[in-house]
Amino acid sequence: MSDAIKAATLEYATRLGDDAVVLGHRISEWVSYGPFLEEDIAYGNVALDYIGRARMFYTYAAELADDGRTEDDFAYMRSDREYRNLLLMEMPKGDFAYSQVRQLFADVYYTLVLPELLHSKDETLSAIAAKGIKETKYHLRRSREWVLRLGDGTEESHKRTQKAVDSLWGYTHEMFDMDETEQMLADAGIAVDVSKLRDAWHKMVSDILTEATLTVPEDGWAVRGGRTGYHTENLGHMLTEMQIVHRSYPGCQW
Amino acid sequence: MTPEEQNFMRKIEAEEKIEPKDWMPEAYRKNLIRQISQHAHSEVIGMQPEGNWITRAPSLRRKAVLLSKVQDEAGHGLYLYSAAETLGISRSEMIEQLQSGKAKYSSIFNYPTLTWADVAAIGWLVDGAAIVNQVSLQRTSYGPYSRGMIRICKEESFHQRQGYEAMLALAKGSPEQKAMAQDALNRFYWPALMMFGPHDSESAHSQKSMEWKIKRETNDDLRQKFIDQTVKQIEVLGLEHPDKNLKWNEERGHYDSSDLDWDEFWSVINGNGHCNRQRIEHHIAAHDEGEWVRDAIAAYNEKKRAKKAQNAA
């Protein structure tokens, strides 16, 4: 592995780890707040999958960095300006419709991204993708079912779900942006060229929204910045909470 | 005794399980519903004090373990609600009783979790005390409850181990971590002992429950088991035992210990704990906020059914 590729892969693994830990954290906020007990269990499951995925990406990033850092240094010792997650993942949990719509957007995204990542020339990334594909199949089945039921349920659930779709839509565009780092890795057969997945994502999501009697928004607005560390105000608060204990006792083992 | 009663008591004596369709005295049924639903509610309310730390867990590994533990508690709540449902009460009725205060949950969850060490202490002491009780309940006379306990015990022992292991990491850590561990032990030790319930002489339901083999060992015997097994664990942690009167009694083959502060016990049960209101309000708020979601499912299913019927016609 050349130094440039190694550095870029470290950055890439960190980004994917950031996506997973931030979304996992947001989902975990639902535990004991679900609409019924079965949902608390389901939310716990999905959150666990994402935290597990974050650990694998960070462990790999730490291995590439080879500077004594561990997975926890990546998760707990970086500030929001250093985090590189997609903005969609950091949006607050909102109501049940909001969280399920975000989940649908993310699940469809991973349904497309992970099979590509499976073909990565980087064996570790490919192995993480293999595990993620199985999980995502279950996640998507669940979020799709929920969006169908909420969209085509009562007037209130429809209204809430449409509102969620409309408020989250603008954060989905950057999921398909490429920058120099990812382009270089994609050219080397390591990273996924997400720009090629945009149309498939739009089609899959539109089909589900339409079946759920929801309106697919126009592409009028697009917020960008996650991959450069230019976040919404939400991430700082989330990390403050997530990192408080770890940072209050520097250098401790838990 | 009627022949039905005779047959029921014969099964109890012979250690045969009572199954949902079997005849049982009304008081047996009621007693079981009370105990099983209280147990289920404890699992569900217990998700809150631990859930309080999921978003602040100090490492990714601890976060994952805690998530998985709290998820197990929800699962236990489900098995137990199902076991109680076999006695002719619905989950929604039980939830109503919890929210109205008619049904109780373990008073241990009325104590606040103030530091990360409290999560470790709950895993170690609270789940530890629960296991002592539940191991005994694996032999309970009601079949579905007994089978539920066997399943739950397997998972609880994992919880207890992870709690102890988290405590060990703190006790062997920095001075601040050790102090945090000691503080959590000092606060949770006594309420954990109270989890076994009042002295046998004061326990309203104990006698009949023993006779019917719903309960297999008395509150005081189970508590003594827990006191005995915890001494060595505290030693290994290198923490100070909160009970200054603890002393090995050669003759009894058990540790003698301080009397518990039963005034505090009843005071917390009766609503004066730090979290009594908060726990129930949290449960009600989540339940109420979920109403539109449950309504949506019902409406969606209804639409699907109507469509299917139309297609069939």
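Start by selecting both chains: 45 residues of chain B are in contact with 47 residues of chain A (contact means heavy atoms within 4.5 Å). This is a predicted model, where local features need pLDDT of at least 70, side-chain atom pairs count only at pLDDT 80 or more, and totals for chains, interfaces and linings use all residues. Residues are numbered from 1 along each chain as its sequence is written, chains are lettered from A and ligands numbered from 1 in the order written, and side-chain values use heavy atoms, with hydrogens and water left out.

**Stop 1: the interface**

The size of an interface is often given as the accessible area lost when the parts come together. Here chain B and chain A bury about 4,000 Å² between them (accessible area lost, 1.4 Å probe, summed over both parts). Carbon and sulfur atoms carry 69% of it.

Next, select B:Glu289 and A:Arg160. Their side chains meet in a salt bridge, 3.7 Å from N to O (a side-chain nitrogen of Lys or Arg within 4 Å of a carboxyl oxygen of Asp or Glu). The count between the two chains is three salt bridges.

Now colour chain B by helix (DSSP runs of H or I, at least four residues, numbered from the N terminus). Helix 3, helix 4 (60-85), helix 7 (143-171), helix 8 (175-194), helix 12 and helix 13 (291-312) each supply at least two residues of the side that touches chain A. Helix 4 gives the most, with 14 residues.

**Stop 2: the second largest pocket**

Select A:Phe36, A:Leu37, B:Ile95, B:His283 and B:His287. The second largest pocket has a volume of about 410 Å³. Of the 22 residues that line this pocket, those five are the closest to its centre. A pocket is an open set of points on a 1 Å grid over the protein atoms alone, with protein on both sides within 12 Å along at least five of seven lines; lining residues have an atom within 4 Å of a point. A volume is the space filled by probe spheres set on the points, which are joined across faces, edges and corners.

Helix 5 of chain B gives the largest share of the lining, five residues.

**Stop 3: the largest cavity**

Finish in chain A. Select A:Leu16, A:Tyr109, A:Glu182, A:Val194 and A:Arg227. The largest cavity has a volume of about 90 Å³ (a cavity is a set of points where a 1.4 Å probe fits but cannot get out). Of its 14 lining residues, these five are the closest to the centre. Helix 1 (3-28) and helix 5 (96-118) of chain A each supply at least two lining residues.

Methods. Buried area is the accessible area (1.4 Å probe) that two parts lose on being put together, summed over both.
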